[in-house]
Amino acid sequence: MGTFAQDELKNVVSEFDLTGKVTSVTPYGNGHINDTFLLIMDQDGKEKHYILQRMNREIFKNSDELMENVMRVTSFLKKKILEQGGDPDRETLQVIPTKDGKDYYTDSEDYGWRIYPFITDTVSYDAGGKEELNKSGIAFGNFQYLLSDFPAKELHETIPDFHNTVNRFANFKKALEADVMGRAKEVADEVQFILDREKDCHFFGNLLEKGELPLRVTHNDTKLNNVLFDKDTGKAICVIDLDTVMPGFAAHDFGDTIRFGASTAAEDEKDLNKVSCDMGLFEAYFDGFMEGCRGSLTKREVETLPMGAKIMTFECGMRFLTDYLEGDTYFKTHYKGQNLDRARTQFKLVKDMEEKWDIMAQIVNK
Ligand code: ADP
Ligand code: GN1
Ligand code: MG
């Protein structure tokens, strides 16, 4: 993350409709996209926590549209949660308005900033066991279920072609040909791995064209650390990071958690011997996801879940390698070569999933 002066951060906070005094603003979380801070305020002697975020304007080109989506989705969810007797203060993000009633504040460099109440007594995980995977499956399945009658046409496409794998492949090839950093020579094996699987990129697009799969309102970034767990009950209570809620495939939401959460190692693990896709975690997430979706998935959708896991992992690997070739301009990195390490773990996972194909098919057909 870039460096931010405390005064600058405090000035930003002063633009929002919040009472009290700022106690501290410190970098927070492990997201790869936005600049996220934990904001602690003293409000009449009470300590209150918030999440302050500077939105990534290089990635999300239109903050107005992005925040319009977030407002639409969060108010829709709030209504549904209330109807079901839940607690919207803990089960959905809510947006703190600025003093002049806007959903976000634009600074002098044209960056958009937003504040969410911090959902207290929760924790997010970068790795989990069966219990966490199962619970997060229920949460992401339920998220999709709650949004099943959301008017999808009202959503802006915050990142065009976000999970268009064919497009991601084309972008990868462009980056490879341009080779602006001179890094292509280091990654010949990874390049070949991708080229060998070009036909897989067409899988979901083809099924959509043939009318075999429905488009749903999906989250599109179902990483395990994009769901908050209640510290006391252990339940996954709130799905966060709503920047990419857009029409998509159920299997993509399923697959993206498997890619990250069912891996036996970190996303940037250097020792590939440690990296595999754990079938126990796969099954735990599958069971939770099915429970959360409450029977809303078609038989064909369920059959495509293993492919969702493989394609999301493959696509993410391609995106990491593309970013490495382009000089690490998209994902936040903390050391040189981190995107390459990330790409390698993804390809190791893809290979492992290919070897475990029958087990995955058996689990989803049970
Ligand atoms: P990014 O798009 O960069 O991934 P996120 O919106 O996912 O940013 O936020 C980064 C991290 O901040 C999350 O993984 C989570 O740990 C934490 N976080 C975000 N919003 C909240 C919230 N409202 N309450 C508690 N923690 C939050
Ligand atoms: C990013 O925002 P975050 O860290 O939850 C990315 C995802 C990738 C993921 C890889 C908007 O997710 O698509 O799968 O990194 N989000 C965006 O870890 O590009
Ligand atoms: Mg995130």
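**Entry 1: arginine 168**

In which helix is the place of arginine 168? I looked this up before anything else, keeping in mind that the model is predicted. Arginine 168 has its place in helix H5, which runs over residues 165–178. I then checked its exposure: the relative accessible area is 15%, so arginine 168 counts as buried, the limit being under 20%. I also took a distance to aspartate 200. The two residues are 32 apart in sequence, and their C-alpha atoms lie 12 Å from each other.

**Entry 2: ligand 1**

Next I went to the ligands. I found 19 residues around ligand 1, and the closest are Asn34, Gln53, Ser124, Asn225 and Asp241.

I noted three polar contacts here. Glutamine 53 brings a polar side-chain atom to 2.9 Å from an oxygen atom of ligand 1. Aspartate 241 also uses its side chain, with an N or O atom 3.0 Å from a ligand oxygen. With asparagine 225 the partner is a polar backbone atom, 2.8 Å from an oxygen of ligand 1.

How much of ligand 1 does the protein bury? On its own the ligand exposes 550 Å², and the protein buries 97% of that area. Ligand 1 sits in the largest pocket. Two elements give two or more residues to its shell: strand E3 (46–54) and strand E5 (112–117).

**Entry 3: ligand 2**

Ligand 2 has 18 residues around it, the closest being His32, Lys223, Glu267, Arg319 and Tyr330.

Again I wrote down three side-chain contacts to ligand oxygens. An N or O atom in the side chain of glutamate 267 is 2.5 Å from an oxygen of ligand 2. For lysine 223 the distance is 2.8 Å. Arginine 259 comes in at 3.3 Å.

Of the 440 Å² of accessible area that ligand 2 has on its own, the protein covers 98%. The space it takes is the largest pocket, which is also where I placed ligand 1.

Which helix gives the most to the shell around ligand 2? Helix H11 (residues 305–326) does, with three residues.

**Entry 4: salt bridges**

Arginine 259 had already turned up at ligand 2, and I met it again while going through the salt bridges. How many salt bridges does the structure hold? There are 28. A reminder to myself: side chains of opposite charge can pair when their charged atoms come close.

Arginine 259 pairs with aspartate 256, at 2.8 Å from N to O. Why are these two about one helical turn apart? Both belong to helix H8 (residues 250–261), and because they are three residues apart there, about one helical turn separates them. Buried or exposed, I asked of this pair? Arginine 259 is buried, and aspartate 256 is buried too.

Aspartate 352 and lysine 356 form another bridge, at 2.7 Å from N to O. Aspartate 352 has a relative accessible area of 9%, so I logged it as buried. I also followed bridges with shared partners: they join Arg197, Lys199, Asp200, Lys310 and Glu354 into one network. Asp200 is the residue I had paired with arginine 168 for a distance.

The bridge between glutamate 58 and arginine 57 has its closest N and O atoms 3.4 Å apart. Glutamate 58 has a relative accessible area of 43% and is partly exposed. Arginine 57 is partly exposed as well, at 32%.

**Entry 5: positive phi**

Last, I looked at backbone angles. Most residues other than glycine have a negative phi, so I noted two exceptions here.

Where does aspartate 121 lie? Aspartate 121 is in the loop between E5 and strand E6 (122–123). Its phi is positive, near 55°. Strand E5 is one I knew from the shell around ligand 1. With a relative accessible area of 46%, aspartate 121 is partly exposed.

Asparagine 220 likewise has a positive phi, of about 75°, without being a glycine. Asparagine 220 lies in the loop between strand E7 (216–218) and strand E8 (227–230). Its relative accessible area is 4%, which means that I count asparagine 220 as buried.

Technical notes:
Residues numbered from 1 in each chain as written. Chains lettered and ligands numbered in written order. Predicted model: local features only at pLDDT ≥ 70, side-chain atom pairs only at ≥ 80, totals over all residues. Heavy atoms only, no water. Salt bridge = Lys/Arg side-chain N within 4 Å of Asp/Glu carboxyl O. Buried < 20%, exposed > 50% of the residue type's maximum accessible area, 1.4 Å probe, protein only. Helix = DSSP H or I, 4+ residues; strand = E, 2+ residues; numbered from the N terminus. Near = heavy atom within 4 Å. Polar contact = N/O pair within 3.5 Å; in protein donor to acceptor, adjacent residues only side chain to side chain. Areas by Shrake-Rupley, 256 points an atom, 1.4 Å probe, with all protein chains shown as cover. 1 Å grid on protein atoms, 1.4 Å probe; cavity = no way out; pocket = protein on both sides within 12 Å on 5 of 7 lines; lining within 4 Å. Sits in = over half its atoms within 2 Å of the grid points.
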